[in-house]
Every structure is written in structure tokens, then in C-alpha cells.
Amino acid sequence: MQIRENYSLKGLNTFGLDASARYFCSLHKLGGLRSVMQWAQEHPDLAVMFLGGGSNMLFVDNFPGLVVHVRLQDREMLGQDNDYVYVRAAAGENWHEFVRWTIDQGCAGLENLSLIPGTVGAAPMQNIGAYGVELKDCFYELQAVDWRTGEIREFSLEECRFGYRDSYFKSVEAGRWLIVTVVFRLPRNPQWKTDYAGVREQLDGKELSARIISDAIISIRQSKLPNPAQIGNAGSFFKNPVISPQQWAALKERFPAIPGWQQDGGVKTSAGWLIDQCGWKGKRDGDAGTYDKHALVLVNHGEATGADVWRFAQGVIASVQGRFGVELEPEPRVIQNAA
Ligand code: EPU
């Protein structure tokens with residue numbers, strides 16, 4: 001195991017921000033974990049961060065601790081029962097390549113989650129979702145290492161406490177558990193989910209299969225969302241806010257076109273729509289801005305710093321708050337040192 005100092009993370013975050021880690025190492029094999037943990041124990045004052053594909057991070061500042069880049073690789077078909085096929089993948093596998101591999105194996109279930117940037121291990125952290133499907137719909141269990149003790153534990157679906165872009169690992173015990181493998185259960189008789197706006201039109205009467213749906217999702221995403229290899233971004237920058245039925249009714253009266261979906265605990269509205277209405281779509285301030293085809297995606301046009309993107313995000317938050325009285329919550333993890 002090699003610990004590097006002042007290591008650039010520019011190529012390891014999809015915003016393409018020029019931040020660095022005070023200390024950095026790559027974890028290719030689970031066997032290497034013990035020496036990393038030992039090093040961390042000898043440096044108890046340093047914070048530790050596990051980094052996957054860096055697709056949900058905003059580095060406003062450099063990270064003053066140890067970044068462990070999780071690169072564990074492995075995919076395996078585990079077997080099947082009457083209803084499901086079980087597959088396992090290691091945390092460092094690229095998410096989209098894993099999805100396409102399951103399709104190549106004749107499996108279905110993950111096709112709507114095609115082309116989401118990031119890794120398998122990061123996917124449960126925020127219960128990734130798109131086009132009517134969330135990771136939890138195909139999740140069976142995961143294995144994680146307790147960073148405090150080195151113990152490996154299994155977490156069931158219930159124990160992961162998945163919510164909208166949320167999990168136990170994100171909100172309850174952030175930083176304690178390193179996810180090492182994830183097991184999915186994929187239905188042998190899949191129910192295709194093609195009702196999301198735009199998906200059915202894209203499928204255009206074709207005979208449905210996981211591959212056909214995956215291809216359609218890829219083409220929708222490519223038409224709406226920027227490719228991080230070309231324009232730095234972290235996907236949706238804000239969660240879609242859930243507001244009270246009273247606030248919803250008041251807004252609907254003033255803004256009849258506002259989109260809304262009933263949820264437990266309120267009405268979910270569209271952050272993209274709110275931001276668009278405030279005139280932010282395609283706007284930029286220096287190299288920080290919103291994507292011209294989707295107001296919810298903040299982008300780095302080249303040389304923006306994390307602080308530039310964060311300042312831009314504050315402007316968006318303030319104007320949505322001012323016009324609609326709705327508070328937007330950032331979706332990516334914001335790395336910012338205390339002032
Ligand atoms: N809209 C606008 N202007 C815009 C963009 C969107 O008015 O510039 C409105 C439209 O009314 C549109 C609605 O917002 O119908 C919803 O837009 P879209 O279908 O693109 O979905 P979203 O709610 O903006 C969510 C996820 C995406 C996911 C898509 C598709 C969140 C925060 N985002 O976006 O996830 O790909 O649905 O399922 O839940 C991500 O998390 O990084 C991500 C990209």
C-alpha cells in the first residue's frame with residue numbers, strides 16, 4: 001500500500017475540479033485494507049474519505065485528510081431461485097458497465113439505471129434512481145467493513161433504510177462503513193417500467209427487452225444531460241423538494257404550471273422547473289453555470305473552482321427561495337473545510 005501526499009483529485013471527480021487530498025491511496029484488494037486502517041489509526045486526527053467514481057462530490061476546498069480510492073473489482077452470477085437471479089459486484093466496478101454486463105448475462109431490472117455515472121459501491125449510498133426505478137427496487141444485500149473495527153457486516157434491504165437519494169450510510173452513520181460488495185436480485189419475470197415522461201416515446205412501439213430499454217435510456221440521458229468527460233458536472237445538483245400540501249396548494253394557485261407528485265409526507269415538485277422559471281437555464285458566471293438543456297445540472301465549463309460552483313449554487317438557492325419560498329437542498333456531497 002502506497003500513501004501519496006498532496007494528490008490531485010482533478011481526474012477523480014466528475015466536476016473536474018482541481019482539488020487535492022492531503023493523503024491518498026488506492027484500494028485494489030480487500031486484503032490491502034488492514035494496512036490502510038493501521039495507517040489511519042496512527043494518524044487519528046485525520047479525517048478519512050472513501051471515494052468511488054467521484055460523480056457526486058463538490059470539492060469546495062482541498063480534503064485535509066486521507067482519501068481512499070475504492071477500486072475493488074469483481075462481478076459474479078450467484079445463482080437463482082424461482083423468482084430472482086442473484087448477482088454480486090465489488091464496490092469499485094463502474095456502475096454503467098456493470099448494468100450492461102447484467103444485460104449481457106440475460107438479466108433485467110437495472111436497465112432504467114443505465115448510464116448513471118459512478119461506481120457500484122457508491123450507488124447504495126444515495127439510492128441512485130432514474131426513470132421510475134431506484135437501486136432499492138433490485139437490491140438484496142451488501143457487505144461493508146466497519147472502519148472502526150475492521151469487522152465485515154452484511155446489511156439487508158431494511159437495514160440500509162433507503163429513501164429518496166438517501167440511505168443509512170449517507171444520513172445515519174456517514175463515514176463509518178466502507179461498502180465492499182453489493183448483491184442484487186433481478187426479477188426473472190420483469191415488469192418493464194416505461195411510463196416516465198419521454199421513455200415510451202423513445203421506445204416507439206419496439207418489442208421490449210432490457211437491452212432495448214437500456215438503449216432508449218442511454219439516448220434520453222445523452223440528449224438531456226452533459227457527459228462529464230466533456231463538461232464537468234455531478235448530475236442533478238439539487239434534490240427535488242418535498243413541500244407541505246398547504247404550500248403546494250398556495251403555489252399551484254399562483255403558478256398553475258408547477259409540476260407536482262403526491263408523496264408520503266407532502267408533494268414532490270421539480271427543482272429543475274423552479275430553477276428554470278427563475279431564468280437560470282444555460283446561465284453562467286465565469287466557468288460555473290447551469291447546463292443549457294437542463295437547469296438542475298450545474299456545470300464546470302472548464303476552469304471553475306469548487307468555490308465558484310458553490311457560489312453559483314448559492315445564487316440559485318437564493319432566487320428559488322425568494323420567488324417560490326422553497327428551499328433547495330444540494331444532492332452531491334460538498335467538501336468544505338470549517339472557516
Ligand atoms: N424541468 C424544467 N426545466 C428544466 C429541467 C426540468 O422545467 O430545465 C421540469 C420539466 O417539467 C420536467 C421535470 O422538470 O418534466 C422533470 O425533469 P426530468 O425528467 O429531467 O427529471 P428531474 O426530476 O429533473 C430526476 C433525477 C435525475 C434522473 C431524472 C430521470 C433527481 C434530483 N434527479 O431529475 O437523476 O435522471 O429524474 O429519472 O431526483 C441525478 O440524481 O443525478 C439525476 C440525474
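A polar contact is a pair of N or O atoms within 3.5 Å. By that cut-off, an oxygen atom of the ligand pairs with a polar backbone atom of Ala295 at 2.8 Å. The protein covers 82% of the 820 Å² of accessible area that the ligand has on its own. The model is predicted. In it, the ligand lies between domain 2 (75-223) and domain 3 (226-335), because both give residues to the shell around it.

**Ligand shell**

- The ligand is surrounded by 23 residues.
- The closest of them are Tyr131, Tyr164, Ser270, Asp276 and His294.
- By class, the shell holds nine nonpolar, seven polar and seven charged residues.

**Polar contacts and elements at the ligand**

- Tyr131 offers a polar backbone atom, 2.5 Å from an oxygen atom of the ligand.
- Arg165 uses its side chain: a polar atom there lies 2.9 Å from an oxygen atom of the ligand.
- Two helices and three strands each give two or more residues to the shell: α6 (210-224) and α8 (271-277), with β8 (129-130), β13 (232-236) and β19 (294-300).

**Tyr131**

- Tyr131 sits in the loop between β8 and β9 (133-134).
- Its relative accessibility is 9%, under the 20% cut-off, so Tyr131 counts as buried.
- Most residues other than glycine have a negative phi.
- Phi of Tyr131 is positive, near 50°.
- Tyr131 is also among the residues closest to the ligand.

**Asn127**

- Asn127 lies in the loop between α2 (95-104) and β8.
- Phi of Asn127 is near 45°, a positive value in a residue that is not glycine.
- Asn127 has a relative accessible area of 0%, so it is buried.
- Its side chain makes a polar contact of 3.2 Å with the side chain of Glu134.
- The side chain of Asn127 also reaches the backbone oxygen of Gly163, at 2.8 Å.

**Ala307**

- Ala307 belongs to helix α9 (residues 306-324).
- Its relative accessible area is 30%, which lies between the 20% and 50% cut-offs, so Ala307 is partly exposed.
- Ala307 and Thr194 are 113 residues apart in sequence.
- In space, their C-alpha atoms are 39 Å apart.

**Whole chain**

- The chain has nine helices and 20 strands.
- Its radius of gyration is 20 Å, close to the 20 Å that the globule rule gives for 339 residues, so the chain is as compact as a globular protein of that length.
- The C-alpha trace spans about 60 × 55 × 35 Å along its principal axes.
- Of the 339 residues, 48% count as buried.

**Points to check in the model**

- Which residues are closest to the ligand? They are Tyr131, Tyr164, Ser270, Asp276 and His294.
- Where does the ligand lie relative to domain 2 and domain 3? The ligand lies between them, since both give residues to its shell.
- Is Asn127 buried or exposed? Asn127 is buried, with a relative accessible area of 0%.

How values were computed
Residues numbered from 1 in each chain as written. Predicted model: local features only at pLDDT ≥ 70, side-chain atom pairs only at ≥ 80, totals over all residues. Heavy atoms only, no water. Near = heavy atom within 4 Å. Polar contact = N/O pair within 3.5 Å; in protein donor to acceptor, adjacent residues only side chain to side chain. Areas by Shrake-Rupley, 256 points an atom, 1.4 Å probe, with all protein chains shown as cover. Helix = DSSP H or I, 4+ residues; strand = E, 2+ residues; numbered from the N terminus. Nonpolar A, V, L, I, M, F, W, Y, C, P; charged D, E, K, R; others polar. Domains from an automatic or database assignment. Rg over C-alpha atoms; globule rule 2.2 N^0.38 Å. Buried < 20%, exposed > 50% of the residue type's maximum accessible area, 1.4 Å probe, protein only.
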